[in-house]
Amino acid sequence: MKKDFYEILGISKNASEAEIKKAYRKKAIEFHPDKNPGDAVAEENFKKAAEAYEVLSDPNKRAKYDQYGHQAFDGSGGFGGGHGGMNMDDIFSQFGDIFGGAFGGGFGGGGGQRRIKGSNLRIKVKLTLEEIANGVEKKVKVKRKVQAQGVSYKTCSTCNGQGQVMRVTNTILGRMQSASTCPTCGGSGQILDRKPANADSQGMIVEDETVSIKIPAGVVDGMQLKVSNKGNDAPGNGVPGDLIVAIEELEHEFLKREGENLHYDLYISFSEAVLGISKDIEAVNGKVRIKLEEGIQSGKILRLKGKGIPSINGYGNGDLLVHVNVWTPKTLNKEQRQFFEKNITDENFIPHPEKSDKSFFEKVKDMFS
């Protein structure tokens, strides 16, 4: 079980933004790789602190976490698409400015230059319901900015490779020192030294790359997954951005999805309803045969356990709900009409709903409870 984010930072659930920031800075300095070289436990604690700060410093994410806990971020958002595999370069590039000069003005990489992160790329992947139910690996072609062959960079003379410039101002409280991103190198600590003819002003060219994306079972429409380091390169010694993959669910011909459950409308004739019959039902992994008892009523819902969509959180599969609809013929021949006219007052043809036969509203209530 994952440890509570508030407990990781050593703060109360009523902590202010300033208290959260202060607590994170304290923890991250304590477990920083520069202070604990080769210490795997310290590195793990460093990642956990950054993970906690990434959620609690964002009001929207914090509100979701307070309401749903870690489950609010399973499968989406955060580092690594699920707060599981923290990336050190992500932490350094996104939260480095919180440390000021605690590590020689540069955060990450052993006391030197900052490592900026390249921009993210975004694509949309369309998935069938079958692919969503089973998980799938997709290969997509993306156009990425990468450093050109033969490009070279040199240390920025404005910030001496720190990526930040310090300013001292006189105030009524005395001399105040503040740090800001270097205007010359944009925070990378390096500037272009040699640029190949085919490169842009940052020494980049655009190349096509085929990226393999492993999509887990149970994803939902609109969910975003992250493929680390498959975005655009950053100049100099920076780290690549990420590839953000937006999921689009294609509509199924027969099945309708509701969370992890699937719905199927089964139409049967009046004769089939009276006599009973076996039918093949369209399921997400092929057909399933079900048996309808004699005298089945229109509106009956049959629940096929575990025949729905897997939970993205690993909590098993949803169900397949089969909605039985008795098809009433719109036209009759003479013989058919005489049969029904003869039996219209017959006791067997007069509705006699039992207490166990739920009303439409009761069925809807059961579906959503």
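Analyst: A residue is called buried under 20% relative accessible area and exposed over 50%, and partly exposed in between. The model discussed here is predicted, and E209 is a suitable residue with which to begin.

User: Why is E209 called partly exposed?

Analyst: The relative accessible area of E209 is 23%, and since buried means under 20% and exposed means over 50%, a value in between is named partly exposed. E209 therefore belongs to the partly exposed class.

User: What makes R144 and E209 a salt bridge?

Analyst: The closest N and O atoms of R144 and E209 are 2.7 Å apart, and the criterion asks for a side-chain nitrogen of Lys or Arg within 4 Å of a carboxyl oxygen of Asp or Glu, so the pair qualifies. R144 lies in strand β2 (residues 136-147) and E209 in strand β7, which means that the pair ties together parts that are 65 residues apart in sequence. Strand β7 covers residues 204-215.

User: Which class of exposure does R144 fall into, and why?

Analyst: R144 has 7% relative accessibility, and because the limit for a buried residue is under 20%, R144 counts as buried. The salt bridge thus joins a buried arginine, R144, to a partly exposed glutamate, E209.

User: Which other residues surround E209, and how do you know that they are in contact with it?

Analyst: Contact requires heavy atoms within 4.5 Å, and once neighbours within four places in sequence are set aside, E209 is in contact with V140, K141, V142, R144 and K230. For K230, which is 21 residues away along the chain, the separation of the C-alpha atoms from those of E209 is 9.1 Å; the contact criterion refers to heavy atoms. R144, E209, K230 and D233 are also linked in a network of salt bridges, and the search of the whole structure finds 17 salt bridges.

User: How do E54 and K61 compare with the cut-offs for burial and exposure?

Analyst: The side chains of E54 and K61 meet in a salt bridge with an N to O distance of 2.5 Å, which satisfies the limit of within 4 Å. E54 has a relative accessible area of 10% and is therefore buried, whereas K61, with 22%, is partly exposed.

User: What makes E282 buried and K287 exposed?

Analyst: E282 has a relative accessible area of 18%, so it is buried, the limit being under 20%. K287 counts as exposed at 56% relative accessibility, because exposed means over 50%. The two residues form a salt bridge in which the closest N and O atoms are 2.9 Å apart.

User: How do you know that β12 and β13 are paired?

Analyst: Two strands pair if there are at least two bridges between them, and seven bridges join strand β12 (residues 277-283) to strand β13 (residues 286-292), the two running antiparallel. S278 stands opposite K291 in β13, and the two strands form a hairpin with two residues between them. G286 has its place in strand β13 and is partly exposed, with a relative accessible area of 31%.

User: What makes β10 and β14 edge strands?

Analyst: An open sheet of four strands has the order β10-β11-β15-β14, with mixed pairing. β10 (255-258) and β14 (301-304) each have a single partner strand, so one side of each is left without a neighbour in the sheet. β10 pairs with strand β11 (residues 261-269) in the antiparallel sense over four bridges, and the bridge partner of E258 in β11 is N261.

User: Why is L275 called exposed, and where does it lie?

Analyst: L275 has 61% relative accessibility and thus counts as exposed, given the limit of over 50%. L275 lies in helix α7 and helps to make a nonpolar surface patch of about 460 Å², together with F270, V274, F339 and F349. Helix α7 (residues 270-275) contributes the largest share of the patch, three residues.

User: What share of the whole protein is buried?

Analyst: Buried residues make up 37% of the 369 residues. The protein has nine helices and 15 strands, and it exposes about 21,800 Å², of which carbon and sulfur atoms supply 49%.

How values were computed. Residues numbered from 1 in each chain as written. Predicted model: local features only at pLDDT ≥ 70, side-chain atom pairs only at ≥ 80, totals over all residues. Heavy atoms only, no water. Buried < 20%, exposed > 50% of the residue type's maximum accessible area, 1.4 Å probe, protein only. Areas by Shrake-Rupley, 256 points an atom, 1.4 Å probe, with all protein chains shown as cover. Patch = residues over 30% accessible without salt bridge, like charges linked within 9 Å, V, L, I, M, F, W, Y side chains within 5 Å.
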